[in-house]
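Here are a few notes to help you find your way around, written as numbered points. Have the structure open while you read.

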2 protein chains.
Amino acid sequence: MAVPQGYRLGGVYCGIKRYDDKLDLSLLVSDRPAVAAGVYTTNLVFAAPVKWDRSLTPGQGLRGVVINSGNANACTGTRGDADCKQMAELAAATCGAQAEQMLVLSTGIIGEFLPTAKIEKGIRDVAGKLGTDEASLTAAARGMLTTDTRHKVATRSLNVAGKSVTITGMAKGAAMIGPKMATMLAVVMTDAALEPADAQSMLADVVDETFNCISVDGHMSTNDTVLLLANGAANSAPLAGDDLSAFQAALFEVCQELAIAIPADGEGATHLVQVEVQGCRTRDEARSIAKSVSESLLVKTAICGADPNWGRIVSAAGYANIPFDPARVHLWVNNIHLYEDGAPREFDRKAASESIKNNRDTHILLTFGEGDESIRFWSTDLTAEYVRLNADYHT
Amino acid sequence: MAVPQGYRLGGVYCGIKRYDDKLDLSLLVSDRPAVAAGVYTTNLVFAAPVKWDRSLTPGQGLRGVVINSGNANACTGTRGDADCKQMAELAAATCGAQAEQMLVLSTGIIGEFLPTAKIEKGIRDVAGKLGTDEASLTAAARGMLTTDTRHKVATRSLNVAGKSVTITGMAKGAAMIGPKMATMLAVVMTDAALEPADAQSMLADVVDETFNCISVDGHMSTNDTVLLLANGAANSAPLAGDDLSAFQAALFEVCQELAIAIPADGEGATHLVQVEVQGCRTRDEARSIAKSVSESLLVKTAICGADPNWGRIVSAAGYANIPFDPARVHLWVNNIHLYEDGAPREFDRKAASESIKNNRDTHILLTFGEGDESIRFWSTDLTAEYVRLNADYHT
């Protein structure tokens, strides 16, 4: 796991979370001004750091990202905005920058004010421990976790414009929103140089195909944010043409790897479910069907129970509000053909059930014969353990 | 529980379900031709009896409804259509009518052909047992159940056009779709006389405010149907004007009582949750917000855990895709004011939790201050028992 050139980062425990075997404050600094792009939650109820970052991206001259976990700074009003700005100021001061050069991410409990003294101490601590090695990257990635069971990083290197550039991302998300926790955050850094407008449009495109194709409970958080920083330490001229396309392909791979890691670490989940929808008129229609199947409680519980229940899958597709001819629908689960031209096929139920039971990955393929557009979605099963995790919690 | 004039009905066990302590075939006959209206699933994948009934409603000259549970006759192709027509013919023959005078409802396993010999025997049996007393009504209501734990009937009488008329309905639905089961069916019969067009528009309006305001897992079945039969045995001239309005009000009450009975009997549910949304610009906007809150797994698990988790409720409202000013939002749970003008309030957390824990009914009230439109939705909590019921099933 390589850290791109010109970045230093780290993570510490500063007392926001209850137990000191966790980390809860991370800082990422670019030694030179970076272009930054951001994609955010579309929830009308959004957190103070989302408001802050939105005002700064797309932009240039950014110097880093400060992140806390354990407190989302959401539903905290004007005091939340002031706390967020102070957090940016403190982090910016560690590298001689202004508040408006520092992006902020918060995740955790909603509706409580940030413990500013702890955060001030944490920023001071982490500033003395920034590094460029894998241990520093891991610490930064850990500092953004909430109910995740493992940290999530991904990296790619490629040659563009005669130089080797690196893209490295880190993300958090336990797929299910934890008790009063917000869901997903991701930061991707690169030493490539990018124009701000290119960075923003590329990030928006890539997020649409990666982080917007994961769904566990369909509950959109108040804090969801994906940031991209590009500091140009590896190449000085902004990428263009084929180089930009090659970069976007690598960015897609980094984001897809991070996105899949989120449902793969889903609360209580025993299966990672890939829902692939093919043969639709438009990609948005394919997305609506994939989302309907991915979010069906009955499909999710069937997979938990290793039940190749084609009826639940086909009926979930049927209520997605997308017109299609039911007589052209086919369905495969783990490559076993269950449904053909709108009718169930004979199949070995025991073998199909065993295939689901014995694999952590489940693949659902639905084809519609209406066009050439397709999509892939990633989700989890729904287990009694998930309900326990989310019910056995008291404010 | 009164059966309206001119109807006879009953229910028997004919071997479609595994155990003979259940009933699985019901017949309802009107002694005189009745006006009939129907409202159906909008799922693109719909069952043979839905196709049959759609072709006959709104209409007149109908003589009854034959219902089986244990098999949905869905995804069964042209053979399913033929089986459905035969079921109508057999039932119609018991009262000297034609197939096209008999409506059909089926609910249960998807993708298997109807056991026609058992159904033929069942229709013969039930035809000899039709009655007009409460026991007959109960038997008919039991014959349409699947995973329900209790039968669901409701009745109202009112004076219109100088006569007393009665409206009696029966419904099935375990709120959650049972293992491979379709969800809800309802039949409402009245001895009032109605014009077919009035019957249809009234039923559509009433269903929109009752059966379309219940949501448990958002999974729409292939068989959902609500039928209204009006045979005019109590008054001969079709109702009009104020009489029609009074009738619609009573029809609303019957359907609301039946609709609420469905989530109240939800699989594994420990709470019936009423989500009331007030102060929206339009009723559809209120409905979208109520649906988003009602279907949030995180809201449902919070209620299961007796957690007055305002953050989950407010954020579920925020992603309903309905514009509103977050700073005007208020929230009460069981009349405890948790959220005021877009910010959390101080409240007694222990008392709020106890209030949820000690009542089977939970009331969530969200106000938006955007307009005068409101809606009420009914849902359930989500428990580990629900997951077990729906996962521990194998095809």
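1. Let's begin with a helix pair in chain B: α5(B) and α6(B) cross in the right-handed sense. Keep in mind that this is a predicted model. The two helices are α5, residues 196-209, and α6, residues 241-264, and their axes come within 10 Å and cross at roughly 40°. Angles under 35 degrees would count as roughly parallel and 65 to 115 as roughly perpendicular, so α5(B) and α6(B) are oblique to each other.

2. Which residues make that contact? From α5(B) come D198(B), M202(B), V206(B), V207(B) and E209(B), and they meet L244(B), Q248(B), L251(B), F252(B) and C255(B) in α6(B). Sorted by character, the residues of this contact are seven nonpolar, one polar and two charged.

3. Next, have a look at strand β10(B), where the side chains alternate. L331(B) and V333(B) point to one face and are buried. H330(B) and W332(B) point to the other face and are not buried.

4. What does β10(B) pair with? One partner is strand β13 of chain B, residues 361-367, in the antiparallel sense over four bridges. Within that pairing, W332(B) has L365(B) in β13(B) as its bridge partner. Another partner is β11(B), again antiparallel, this time over three bridges. There, V333(B) stands opposite I336(B).

5. The turn of that hairpin deserves a stop. Two residues sit between β10(B) and β11(B), and N334(B) takes a positive phi near 50° in this hairpin. N335(B), in the loop between β10 (330-333) and β11 (336-340) of chain B, also has a positive phi, near 70°, though it is a residue other than glycine. Is N335(B) buried or exposed? The cut-off for exposed is 12 or fewer C-beta neighbours; N335(B) has 9 inside 10 Å, so it counts as exposed.

6. Now switch to chain A and find N335(A). Its place is in the loop between β10 (330-333) and β11 (336-340) of chain A. The phi of N335(A) is positive, about 65°, although the residue is not a glycine. With 9 other C-beta atoms within 10 Å, N335(A) is exposed.

7. A short step back along chain A brings you to V333(A), which lies in strand β10. Is V333(A) buried or exposed? A residue needs 20 or more such neighbours to be buried, and V333(A) has 26 other C-beta atoms within 10 Å, so it is buried. Leaving aside residues up to four places away in sequence, V333(A) touches P308(A), L338(A), A352(A), T362(A) and I364(A). For a sense of distance, take T383(A), which is 50 residues from V333(A) along the chain: their C-alpha atoms are separated by 19 Å.

8. Finally, check the peptide bonds just before two prolines. Where is P58(A)? P58(A) is in the loop between α1 (48-56) and β3 (59-71) of chain A, and a cis peptide bond with omega of about -10° joins it to T57(A). In chain B, P58(B) lies in the loop between α1 (48-56) and β3 (59-71). A cis peptide bond joins T57(B) and P58(B), with omega of about -10°.

Notes:
Residues are numbered from 1 along each chain as its sequence is written. Chains are lettered from A and ligands numbered from 1 in the order in which they are written. This is a predicted model: local features need pLDDT of at least 70, side-chain atom pairs count only at pLDDT 80 or more; totals for chains, interfaces and linings use all residues. Two residues are in contact if their C-beta atoms, placed from the backbone, lie within 7 Å. Axes are lines fitted to C-alpha atoms, for helices over the stretch in contact, and angles run from 0 to 180 degrees between N-to-C directions. Angles under 35 degrees count as roughly parallel, over 145 as roughly antiparallel, 65 to 115 as roughly perpendicular and the rest as oblique. A crossing is left-handed if the near helix is turned anticlockwise from the far one by less than a right angle, and right-handed if clockwise. Ala, Val, Leu, Ile, Met, Phe, Trp, Tyr, Cys and Pro count as nonpolar, Asp, Glu, Lys and Arg as charged, and the others, Gly among them, as polar. Two strands pair if DSSP finds at least two bridges between them.
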